[in-house]
Amino acid sequence: MYTNQTVIFKNKPVIIGSYSIVGPKEWKGNFGPYFNYVMKDDCFGEKSYEKAEMKMLKTAIVGAIEDAKIKASDVNLLLSGDLLNQIISSSYAARDFDFAFLGLFGACSTMAESMAVAASIIDGKEFDTIVCSTGSHFSTAERQFRFPLELGNQRPPTSQWTVTGAGACVISSKGVGPRITMATFGKVIDFGVNDVNDMGAAMAPAAMDTMLAHFRDTKTTPDDYDLIVTGDLGKLGSEILIDLMEDQGIKLGLNYNDCGQMYYTRNQNTFSGGSGCGCSATVLNSFIMKKLRSGEYKKVLFMPTGALMSTTATQQGETIPGVCHAIVLECDESVKNIKISQTSNRNVKNKKEEKTNRTSISKSNEKNIKSNRLN
Amino acid sequence: MDKSMDIKKRNEMYNNYVQAKIPKTKAWPSLFYSFLVGGIICCIGQGINDLILLWFPNMAEQSAWAYTLIVLIFIASFLTGIGVYDKIGKFAGGGSIVPITGFSNSITSPALEYKHEGIIYGICVKMFTIAGPVIVSGVVASFIVGLIYLFI
């Protein structure tokens, strides 16, 4: 069933497995304790950062399949994308797997894009099990979009830090786990921003457009969700989104937050926050998925945004168009009725909660995570 | 036509709104640090120059300047290689870009970055991606100055 831009799934595809892998800087961030695997260094034992990104994606896909407790032969299709030219990380990671591959490009919105496409295919009963994955690497993104790493230049305060990390999840027609109930596919929106160091402002209008379309099509309000989370608008972009939505008459409350804004701690010098495909992918496949599985979050609107730019286009004077895809994730029926003592508090600022969680969990987790490291 | 005008107006309003919202870089602290670090680099250069003249008293002053530049360029390349120069740059901004050490950094850093693409297609081709414009404008400027010199 669909209304304008939104698909409401009849069969509600299930996310049966998820996996996230990050670099050391991300591990020190606010979501540190929730990730499955932490790389010892950014190179991940490979010769170049591009190769490291491919290996990261491969590890995430294998991890998600293991987490889902299925065999690789059960997987019908892999949907994946990344930030590099010709999405090489995804395609090169896919050559080591024995299932069909569809490459997607939605810049940093790829996680929601792939999950929405996968859910649509599964809901139409065409395929049974689909793996969605995406990732990004700070060093490869810097090289592609900005300057060499060792160049001694300064970053402007609006700039964001590309997350080194990859996330993958397995979506199936049956099983236990969080369900994808709706998906809103976004339009490409361009409000004429041409500052490549200010992605938040370029993408916020796209987030607004998709959010409005979603609330209109599904007749829901922000209060219907435990968490509304955008991908990588950053500190500035999410403030702009709140302002834009207020202009449209919708007030985003404390249940709204942004993955990029929450990602790093204040003293990690990332200015506006995290960005990249890996930003939303790793948060979704670690923190959000865990909270959905435990039933702490009952209904989450996940809507990462992507800036569809290339250096060639911006150098030729083009502006930066943005796109945003939204999916609604609901926790499984079996955990829906479990009462959690924190339920009433769950809308309290995530960031604070994160920090307190981190201090208590991180020490005990530190050993576990370290022993998890492969190399 | 009307619609495109509307979009233009909307974009203009949005851009103005964003410009007002963007956190500004604090000018005075940045200026202070860049002058501080730039000044220190210049002092180091002068020190090297004096030392060269002290150790080699017979050297002409002009060739001492050339050796000073070579030493500074080497130091900056070395610091880039061990990953220190970008940290200085983050702190100093223009202070570490404007002296010749910044030029050295802008050639060494792409060479390091693209070494995986091979010596010719990686290092040789990409080495001047950042310093290229500086060299071109230097050559053009010296050409113009040469022309003026020829006719005066």
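# Reading salt bridges and an interface

Tutor: Let us start with one pair, for the side chains of R293(A) and D67(A) meet in a salt bridge, with 3.3 Å from N to O. Here a salt bridge is a side-chain nitrogen of Lys or Arg within 4 Å of a carboxyl oxygen of Asp or Glu. This is a predicted model, in which local features need pLDDT of at least 70 and side-chain atom pairs count only at pLDDT 80 or more, while totals for chains, interfaces and linings use all residues. Residues are numbered from 1 along each chain as its sequence is written, chains are lettered from A and ligands numbered from 1 in the order in which they are written, and side-chain values use heavy atoms, leaving out hydrogens and water.

Student: Which parts of the chain does the pair R293(A) and D67(A) link?

Tutor: The pair links distant parts of chain A, 226 residues apart, with R293(A) in helix α9 (residues 277-294) and D67(A) in helix α2 (residues 49-67); helices (H or I, at least four residues) and strands (E, at least two) are DSSP runs, numbered from the N terminus.

Student: Is R293(A) buried or exposed?

Tutor: We call a residue buried under 20% relative accessible area, exposed over 50%, and partly exposed in between (1.4 Å probe, protein chains only). R293(A), at 33%, is partly exposed, and D67(A), at 26%, counts as partly exposed.

Student: How many salt bridges does the rule find across the interface of chain B and chain A?

Tutor: The rule finds three across that interface, whereas the structure holds twelve over all chains. In one salt bridge the side chains of D243(A) and K21(B) meet at 3.0 Å, N to O. D243(A) is partly exposed at 27%, and K21(B) counts as partly exposed at 26%. There is also a network of salt bridges that links E50(A), R143(A), E113(B) and E117(B).

Student: What is the area buried between chain B and chain A?

Tutor: The size of an interface is often given as the accessible area lost when the parts come together. Buried area is the accessible area (1.4 Å probe) that two parts lose on being put together, summed over both. Between chain B and chain A the buried area is about 2500 Å², and carbon and sulfur atoms give 57% of that area. Of the area that chain B buries against chain A, Y14(B), K21(B) and E113(B) supply 26%, more than any other three residues.

Student: How many residues does the contact take from each chain?

Tutor: With contact meaning heavy atoms within 4.5 Å, 32 residues come from chain B and 27 residues from chain A.
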